[in-house]
Amino acid sequence: MSGAARPLGEGTRAVRAGLPDPVKHEPTLPGPVFAAHFHLPGDPTGPYTYGRDENPTWTRLERAVGELEAPGEDGVHTLVFASGMAAVSSVLFSQLRAGDTVVLPDDGYQALPLVREQLEAYGIHVRTAPTGGDAQLDVLDGARLLWIETPSNPGLDVCDIRRLVEAAHARGALVAVDNTLATPLGQRPLELGADFSVASGTKQLTGHGDILLGYVCGRDDAAMTAVRRWRKLVGAIPGPMEAWLAHRSLATLPLRVDRQDATALAVAEALRDWPEDLKVRYPGLPSDPSHAIAVRQMRRHGCVVSFTLPSRARAERFLHALRLVDDATSFGGVRSTAERRGRWGGDAVPEGFIRLSVGAEDPEDLVADVLRALRESAQ
């Protein structure tokens, strides 16, 4: 029977994304290429000339990430970076000039205030608004770039990407979406109209807490050429070993995401039902203020749950009482972590605010550990 080929499922794509064509006696995923330079007689043509510009290991990873962010699409460019912040910086500083205006979330990643200081030092005007309620709509006029982070970190508010993109484009602004918390399996910003999808690969994308990585995806040739040029100028390149480890880790992304996100919902439900009002936030909870938007634009709702304990002391007792959850920053790893987010000083959260990243432990074990720590910390 003839007809169009059936689209591959996301698990199949993740397992095979970015792999080279099979060659007899060659590995399915070639090892990392450690090279500062390449043989280059004659004119400097071809993809691999110098190690700061390109590397075969990056190329395979970039193809793989692109296949997850924009499955089945041609013309999507992906660039990998040394960290998530390197990726964020590449978009902001390659697309903006002195006199331009950028709109940032005021409840996003805690490094954004530092980014704002640097942007303003370069003569770029910065406006901010919260993620929730699509508040950034009110400050778009005259902007060159809108930066969206949804779900926001750590508050887990969600905004309507498509609505914001349409409004921004109507005003002549580009749109970049930080897709770190959702991952490409939870949300596809390019599909929703964004110009850039940006993420830290340090988190759930790679999932083992052992590498730093970032990436940028986009369709526009000129815009992505500028991002590539910025990477070359500042040298914000990943090591080949990190890129290889990241590519290897993508194969298990659907398995990890399904387990972690389902367990995150179970933890959120248990916290919601706790006798105290913990102000639980998780987009997958039907009672969450962001749920209605989240179910329209997200396929999955992430592995992070946030809640607030009455005081700093209670929060610290809670963290100390946990046995299966490490007191550590970052999120998305197969081992659960939690932290009192206010200890960093960059987030507008209460002293007792907890960001809990749910790992791949058995759901029953993790829920029991969290509830036991709540009981013990209340005494």
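**Exercise 1. Determine which residues are in contact with Asp 327, leaving aside its neighbours within four places in sequence, and decide how far the residue is buried or exposed.**

Leaving those neighbours aside, Asp 327 is in contact with Leu 319, Ala 338, Glu 339 and Arg 343, where contact means heavy atoms within 4.5 Å. The model is predicted, so that local features need pLDDT of at least 70 and side-chain atom pairs count only at pLDDT 80 or more, while totals for chains, interfaces and linings use all residues. Residues are numbered from 1 along each chain as its sequence is written, and side-chain values use heavy atoms, with hydrogens and water left out.

The next step is to place the residue: Asp 327 is found in strand β9, strands (E, at least two residues) and helices (H or I, at least four) being DSSP runs numbered from the N terminus. Its relative accessibility is 44%, and Asp 327 therefore counts as partly exposed, given that buried means under 20% relative accessible area, exposed over 50%, and partly exposed in between, with a 1.4 Å probe and protein chains only.

**Exercise 2. Establish the order of the strands in the open sheet of four strands, and find which strands stand at its edges.**

The order is β8-β11-β10-β9, with mixed pairing; two strands pair if DSSP finds at least two bridges between them. Strands β8 (304-308) and β9 (326-327) stand at the edges, each with a single partner strand, so one side of each is left without a neighbour in the sheet. Helix α10 (residues 312-321) packs on this sheet and touches β8, β9, β10 (337-340) and β11.

Turning to one pair, β8 and β11 (residues 353-357) run in the antiparallel sense over five bridges, and within β11 the bridge partner of Val 305 is Leu 356.

**Exercise 3. Identify the residues with the most contacts inside the largest nonpolar core, and follow the contacts of Phe 318.**

A nonpolar core is a set of buried Ala, Val, Leu, Ile, Met, Phe, Trp, Tyr and Cys residues joined through side-chain atoms within 4.5 Å. The largest has 28 residues, and those with the most contacts inside it are Leu 271, Phe 307 and Phe 318. The elements that give two or more residues to this core are α8 (253-272), β8, α10, β11 and α11 (363-378).

Not counting residues up to four places away in sequence, Phe 318 touches Phe 307, Leu 309, Ile 354, Val 370, Ala 373, Leu 374 and Ser 377.

Methods:
Axes are lines fitted to C-alpha atoms, for helices over the stretch in contact, and angles run from 0 to 180 degrees between N-to-C directions.
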